[in-house]
Amino acid sequence: MRAERRLGALAALLVLSVGFYLLWNLRAPFGFILGLRAERLVALVLVGAASGAATMVFQTLIGNRLLTPGIVGFDALYVFLQTLLVMLLGGAGLAQLPSPLLFLGETACLMGAALALFGLLLRRGAGDLIRLVLTGVILGVLLRGLAGFAQRLLEPSEFAVVQQASVASFNAVDGTLLPFAAVALLLALAGALWLAPALDLAALGRIPARTLGLGHDRLVMQGLALVAALVAVSTALVGPMAFLGLLAASLAQQLVTSHRHVLLIPAAAVLGAAILVLGQFVFERLLGLQSALAIVVEFAGGLVFLALVLKRRPR
Amino acid sequence: MRAGAGIAAGLVLLAALSLAIGATNLWSGPLDSGMVLAVSRIPRTLAAMLAGAGLALAGVVVQQSVQNRLVEPGLTGTPEAAMLGLLAVTLLAPGAPLLAKMGVAALTALLGTAGFFALSRHVPRRDPMLLPLVGLIYAGILGSIALGAAWATDLVQYLWSWQSGEFSGVLRGRYELLWLVAGMALLLYLLADRITLLGLGEDYARSLGLNYRQTLLMGLGIVALTTAVIVVSVGAMPFVGLVVPNLVSRWRGDNLRRNLPLVAAAGAGFVLAADVLGRLLRWPYEIPAAMVFAVFGAGLFLWLLNRPRVRHEG
Amino acid sequence: MIEVESLSLHRAGLPVLADVSLRLPNGGVTAIIGPNGAGKSTLLHCLAGLIAPQSGRVRVEGVDIHRVREAERALLLSLLTQNPGAVPRLSVRDLVGFGRWPHHRGRPGPTDHALVEAALERFDLLPLAGREVEALSGGQRQRVFVAMAFAQATPWMLLDEPLSALDPKFARDIMERLRDVATAGPGVVLVLHDLSVAARYADRCICMKQGKILAAGAWQSTVTSDLLTRLYDTPMRLAEVDGQPVVLSA
């Protein structure tokens, strides 16, 4: 029960930071400012929760607590897909499409591409995880390079359209996307919770899980689809954030000392959201720095990664 | 030696191509073709070859020093540390001569590389892929410090120009620092056997009578200086130091003294080819050579990684 | 009953298993022995359905183990691999509890809890039940994994070198419990390196060499000094000390 209580405390922390964010220094016109703040708040919460949950699920699937979907190139894949889309349709053609439709299409594309790519890799290399992960990392570099490459082939005006998607920023969030992103996030979270018991077992490793009767390959496919959807939510809203998820997932594991994903996934989601909301509160309201958050979160996430590596006992 | 002759012939061919291709038509253009060659094309071709050779050799040294084939200067924080040094000089002493800027960049690059090396000793050796990941993240941290600093001081444009290596800005009088790379290469050739011993690990190297610390420091110094010169002159070029040494080692084994010239030549050839391709792909505009190489280099590396391992003959 | 029909497997052009056929009646302890590289572990993984052979088939209790869903397979046999690997921060009770997964698929009932407690008791793990697995010694850890396989309550338990790197006391603890388990119900099949341990506890043996079965059958009537000498290509002697069988390499 202790783990449940800790999850409750984390949720309380999130509520508290949301309250601070919304009400600190609130002046007239109340309604207008609240509305403005609420929109950004929703974006922060969605991105944080999606990153945290995606990383938690992903780490369990590949059996490594150091990696995030971002490190192995998921968001690079998203940026690449978006660049391809701009190339095919043209920046103007893209602007005519309603952005929610575009978001749904891109999410579906990312899920398909991620499944095809990483599913293939996993199936071929399930025994050789080291090679698989490195392949993913390099693939991410390749995709980033290809996206940059394709961007160079674009006209400057179209280049600007894509550029926005390839640099993390909380300043230019498309408000019309929020409801769709929220629905996608909720669906994906529900899916992740549904898979939670199987993920508990998968955390033991591929072979033990298989001897205990888990259809490991199928679980990996289902899980990767969810991860892809979650990554699409966060990347579409603010762009690639490689380490936010790592920060949230490793904190969740430290704080909720449980192996049960029913608790771990919500904890990672809540922590991811709380980190962003608190961080934005501190940087925007207290320090007056508008766009430092993405950089600082990445920095802190990187430090956490190094700390995790160095803490591991050499065996 | 037939391989050496083949590579040399390829290099000459590429260099000829590089001299002939560009936005200005040499034969019927409005400019004097002799001047175009002397001011732009020849320096550019030389710069690409020097940078490629230097990065490939630096890759070899890094791989031997940390005993991991999957690491390269781009994964040890070296370019990012050099950029931090450059930023600092640009802020504190904007009027400093280029040589002084470079000296500072080389120094911070050495510090950054040494930091990675210190870190690498605490990384469990069991997973060979862990070290490149640690390097990636270490470089990312240094990079985010640099980005933050640049962002706070409106120097982001500078940073971008250092981040993506390209040769379109190379002119006579602005690339000569790169000849330092040639000096480094010579030094490395003299040290080849010691660097090979580094690759056997500290205990073994010591038992064979090597002054481990001194050799290591020299090796890292060469890497830092080479990388700093390249970052200052043309910008960072990831993957060259990773792909080229691995390709050569797959092909010819691991005798360093015999391989170093090959590694240098192959590095020069690959980077020059990337530059030529970058000029052709979207003529008359240019795509940075680093970007071209990242795409092909990553592709090559993926192939290396997933190809079934074949034994190479001596 | 486990029935194996002409199982063959090649890797990189070399035969790892060459036309292996055998039959194991229910119950009892069966030891797979043979020199390094004989294909012992591969055979065990094939029996467990984790490695698919290129030809031949394996039937466990009449079910083709390579054609059945993972969930059903886990109700027929449990497998303990070598180096079961790092465990996330789990308590002993939680890990043994995972043995019941094939039966409850994530929603444990009272029977499951009762059987986990029974497994903990059987392998003397009740005093350790709340500890984290990572904090245990090698011998204790191995007992936990064997208890987990036992909690799976399958007709067959397959174990790949469960005694490697264990002190004689721990090895003996595990073997005696496994023998108890085997007399009461499930058949235990294990790969063993220590021939004296095999001689003492095994009811049956499968002697493998270069991917083939050199001999198989009841230990008493099959294993001789001569057979072991041929199996390991080095002089071996089956002897008896204080009424216990031992194997010496002479």
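# Legends for close-up views of a predicted three-chain model

**View 1. Salt bridge between C:Glu70 and A:Arg210.** The side chains of C:Glu70 and A:Arg210 form a salt bridge, with an N to O distance of 3.6 Å. The structure is a predicted model. Side chains of opposite charge can pair when their charged atoms come close. Over all chains the count comes to 22 salt bridges. C:Glu70 belongs to helix 2 of chain C and A:Arg210 to helix 8 (residues 206-211) of chain A, so this pair joins two chains. How many salt bridges does the rule find across the interface of chain C and chain A? The rule finds 1 there.

**View 2. The interface of chain C and chain A.** Here 26 residues of chain C are in contact with 18 residues of chain A. The two chains bury about 1,900 Å² between them, and carbon and sulfur atoms give 59% of that area. Which three residues supply more of the area that chain C buries against chain A than any other three? They are C:Glu70, C:Phe98 and C:Trp101, which supply 30% of it. C:Glu70 is also the chain C partner in the salt bridge with A:Arg210.

**View 3. Elements of chain C that touch chain A.** Between chain C and chain A, 3 residue pairs are in polar contact, with both residues at pLDDT 80 or more. On the chain C side, the elements that give two or more residues are helix 2 (70-76), strand 6 (77-80), helix 3 (92-98) and helix 4 (101-104). Helix 2 of chain C provides the largest share of this side, 4 residues. By class, the residues of chain C that touch chain A are 14 nonpolar, 5 polar and 7 charged.

**View 4. The interface of chain B and chain A.** Which chains share the most contacts, of the 2 pairs of chains in contact? The answer is chains A and B. In this interface 37 residues of chain B are in contact with 37 residues of chain A. The area buried between chain B and chain A is about 3,400 Å², and 81% of it lies on carbon and sulfur atoms. The rule finds 0 salt bridges across this interface. The count of residue pairs in polar contact between chain B and chain A is also given for pairs with both residues at pLDDT 80 or more, and it is 0.

**View 5. Elements of chain B that touch chain A.** Two or more residues of the chain B side come from each of helix 5 (130-152) and helix 12 (289-306) of chain B. Helix 5 of chain B gives the largest share, 13 residues. The side of chain B that touches chain A divides into 29 nonpolar, 5 polar and 3 charged residues.

**View 6. Chain B and chain C.** How far apart are the closest C-alpha atoms of chain B and chain C? They lie 11 Å apart, and no contact joins the two chains.

**View 7. The fold of chain B.** Chain B has 12 helices and 0 strands. Its C-alpha atoms fill a box of roughly 65 × 50 × 35 Å along the principal axes. The radius of gyration of chain B is 19 Å, which agrees with the value near 20 Å for a compact globule of 314 residues.

**View 8. Confidence along chain B.** The mean pLDDT of chain B is 83, and 93% of the residues score at least 70. In chain B, helix 6 (residues 156-163) has the lowest confidence, at a mean of 77, and helix 3 (residues 78-92) the highest, at 91. Residues 310-314 of chain B have a pLDDT below 50. Beyond near neighbours in sequence, this stretch of chain B has 7 contacts in the model.

**View 9. The fold and confidence of chain C.** The secondary structure of chain C comprises 10 helices and 12 strands. For 250 residues the globule rule gives 18 Å, and the radius of gyration of chain C is 18 Å, so chain C is as compact as a globular protein of that length. The C-alpha trace of chain C spans about 50 × 45 × 35 Å along its principal axes. Chain C averages a pLDDT of 90, with 98% of the residues at 70 or above. In chain C, confidence is highest in strand 3 (residues 29-33), at 95, and lowest in strand 12 (residues 244-249), at a mean of 88. The model as a whole scores ipTM 0.80 and pTM 0.81.

Note on methods: Residues numbered from 1 in each chain as written. Chains lettered and ligands numbered in written order. Heavy atoms only, no water. Contact = heavy atoms within 4.5 Å. Buried area = accessible area lost by both parts, 1.4 Å probe. Salt bridge = Lys/Arg side-chain N within 4 Å of Asp/Glu carboxyl O. Polar contact = N/O pair within 3.5 Å; in protein donor to acceptor, adjacent residues only side chain to side chain. Nonpolar A, V, L, I, M, F, W, Y, C, P; charged D, E, K, R; others polar. pLDDT = per-residue confidence, 0-100. Rg over C-alpha atoms; globule rule 2.2 N^0.38 Å.
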